[in-house]
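Please walk through this structure with me, starting from one backbone detail and working outward to the chain as a whole.

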Amino acid sequence: MSDPYALAERAAAQLRERSGFDRYDLAIVLGSGWREGADALGTPQSDVATSELAGFVAPTVAGHSGRILSLRYEGVRVALVSGRVHLYEGHRVDQVVHPVRTVVAAGASRVVLTNACGGIDPTIAPGSVVVIRDHLNLTATSPLEGPAPPEPYGSRFVDLTDLYSARLRQVVAAAAPELTEGVYAGLRGPHYETPAEIAMVASLGASLVGMSTVLEAIAARHLGAEVLGLGLVSNFAAGVTPAPLNHLEVLDAGRAAAAALGALLARLVPVL
Ligand code: 8IG
């Protein structure tokens with residue numbers, strides 16, 4: 001099946017059947033560090049391996065198993081997507097956005113994209129969560145590249161003026177006023193940047209840098225979902241401090257933040 005929209009509909013039907021949830025209100029894509037935190041939302045009522053769903057590819061990043069957990073939290077039907085896949089794993093853009101297309105097809109009209117990222121602003125300490133206000137898609141690709149979406153899907157020439165929902169950002173600002181907002185630069189990776197590249201994206205207005213989120217945000221928005229992006233700053237980006245970047249330290253920062261991330265999600269889910 002080469003139509004990615006039909007493939008997502010098929011996966012959504014399988015997800016409904018296997019999870020016992022006939023629809024969702026909200027989906028949360030869990031980035032590094034966020035998955036452990038999501039335990040704060042309670043024990044899922046269902047846990048579906050994405051290997052059982054059409055079109056999903058297996059994540060290759062250690063510690064990211066592909067699962068969709070379903071739970072109800074204060075009346076909100078939530079799909080937790082764990083085991084995101086990235087361009088840097090060698091996957092195609094349609095494979096990268098397939099989980100998001102699937103949960104939106106399963107009814108989630110609001111999508112929270114979480115990630116771990118590098119921080120460019122020296123005043124934002126690792127361990128902080130930043131609300132994504134806007135992004136720079138520096139992946140040189142788009143999930144909407146290719147043939148025009150079939151009926152009834154919207155035009156591929158989608159307006160991204162309000163990609164990260166102003167409404168959801170206001171809700172977050174009211175519920176979690178301690179969080180700041182920033183612009184996320186999405187690059188392909190998997191290498192971290194050079195200091196010159198960080199200086200470049202800083203001059204373009206970025207305050208966060210990472211390897212995910214931007215393509216999923218575009219795909220979700222194209223399907224009409226409201227998008228919220230939350231970045232866990234796990235390290236200072238290259239050249240922001242003299243210290244070299246270390247992938248294990250990045251993973252440790254995620255583990256250290258897990259409890260706080262869970263508490264934040266528990267605060268936000270009922271109001272989003
Ligand atoms: I965590 O410094 C994490 N992910 N591109 N740069 C990029 N991705 C990241 C970084 C970083 N830290």
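In which loop is Thr213 found? In this predicted model, Thr213 sits in the loop between strand S8 (208-210) and H6. Its phi is near 75°, a positive value in a residue other than glycine. Most residues other than glycine have a negative phi, and most peptide bonds are trans. Thr213 has a relative accessibility of 0%, so it counts as buried.

The helix that follows, H6, covers residues 214-222. Eight of its nine residues are buried, so H6 is largely enclosed by the rest of the structure. The buried residues are Val214, Leu215, Glu216, Ala217, Ile218, Ala219, Ala220 and His222. Just after H6, Gly224 takes a positive phi of about 90°.

Two of these H6 residues lead to another part of the chain. Ile218 and His222 are both touched by Leu144, whose other contacts beyond four places in sequence are Tyr5, Arg101, Arg156 and Val158. Leu144 belongs to the loop between S6 and helix H4 (166-175). Although it is in a loop, Leu144 has 8% relative accessibility and so counts as buried. From Leu144 to Ser82 the separation is 62 residues in sequence and 23 Å in space, C-alpha to C-alpha.

The loop between S6 and H4 also holds Pro152. A cis peptide bond, with omega about 5°, joins Glu151 to Pro152. A cis bond also joins Gly189 and Pro190, here with omega about -5°. Pro190 lies in the loop between strand S7 (180-186) and helix H5 (195-203), and Gly189 is found in the loop between S7 and H5 as well. Beyond four places in sequence, Gly189 touches Tyr88 and Met211. Gly189 lies 23 residues from Ser212 in sequence, and their C-alpha atoms are 9.3 Å apart.

Thr213 has a counterpart in Glu74, where phi is near 50°, again a positive value in a residue other than glycine. Glu74 is placed in the loop between strand S3 (67-73) and S4. Is Glu74 buried or exposed? Its relative accessibility is 62%, so Glu74 counts as exposed, whereas Thr213 counts as buried.

Next comes the nonpolar interior. The largest nonpolar core has 46 residues, and within it Leu15 and Ile68 touch the most other members. At least two residues of this core come from each of helix H1 (4-19), strand S1 (26-30), strand S4 (76-82), helix H3 (93-105), S5, strand S6 (129-137), H6 and strand S9 (226-236). H3 gives the largest share, seven residues. Leu15 is in contact with Ile68, and also with Gly20, Tyr24, Val48, Leu53, Val103 and Ala106, leaving aside neighbours within four places in sequence. Apart from this core lies another, of 31 residues, which includes Leu30, Leu69, Leu80 and Val131.

Strand S5, one of the contributors to the largest core, spans residues 110-119 and contains Arg110. What is the nearest side chain of opposite charge to Arg110? That side chain is Asp25, at 4.5 Å. A salt bridge requires a side-chain nitrogen within 4 Å of a carboxyl oxygen, so a separation of 4.5 Å does not qualify. Arg110 is therefore buried without a salt bridge. The side chain of Arg110 does reach the backbone oxygen of Leu272, at 2.3 Å. Not counting residues up to four places away in sequence, Arg110 touches Leu272 along with Asp25, Leu26, Ala27, Arg167, Leu168 and Glu226.

Finally, consider the chain as a whole. The protein chain has seven helices and nine strands. Its radius of gyration is 17 Å, close to the 19 Å that the globule rule gives for 272 residues, so the chain is as compact as a globular protein of that length. Along the principal axes, the C-alpha atoms fill a box of roughly 50 × 40 × 35 Å. Buried residues account for 54% of the 272 residues. Of the contacts between residues at least 6 apart in sequence, 83% join residues at least 24 apart.

How values were computed
Residues are numbered from 1 along each chain as its sequence is written. This is a predicted model: local features need pLDDT of at least 70, side-chain atom pairs count only at pLDDT 80 or more; totals for chains, interfaces and linings use all residues. Side-chain values use heavy atoms; hydrogens and water are left out. Helices (H or I, at least four residues) and strands (E, at least two) are DSSP runs, numbered from the N terminus. Buried means under 20% relative accessible area, exposed over 50%, partly exposed in between (1.4 Å probe, protein chains only). Lys and Arg count as positive and Asp and Glu as negative; His and the chain ends are not counted. A polar contact is a pair of N or O atoms within 3.5 Å; within protein, one must be able to donate a hydrogen and the other to accept it, and residues adjacent in sequence count only if both atoms are side-chain atoms. Contact means heavy atoms within 4.5 Å. A nonpolar core is a set of buried Ala, Val, Leu, Ile, Met, Phe, Trp, Tyr and Cys residues joined through side-chain atoms within 4.5 Å. The radius of gyration is taken over C-alpha atoms; the globule rule is 2.2 Å times the number of residues to the power 0.38.
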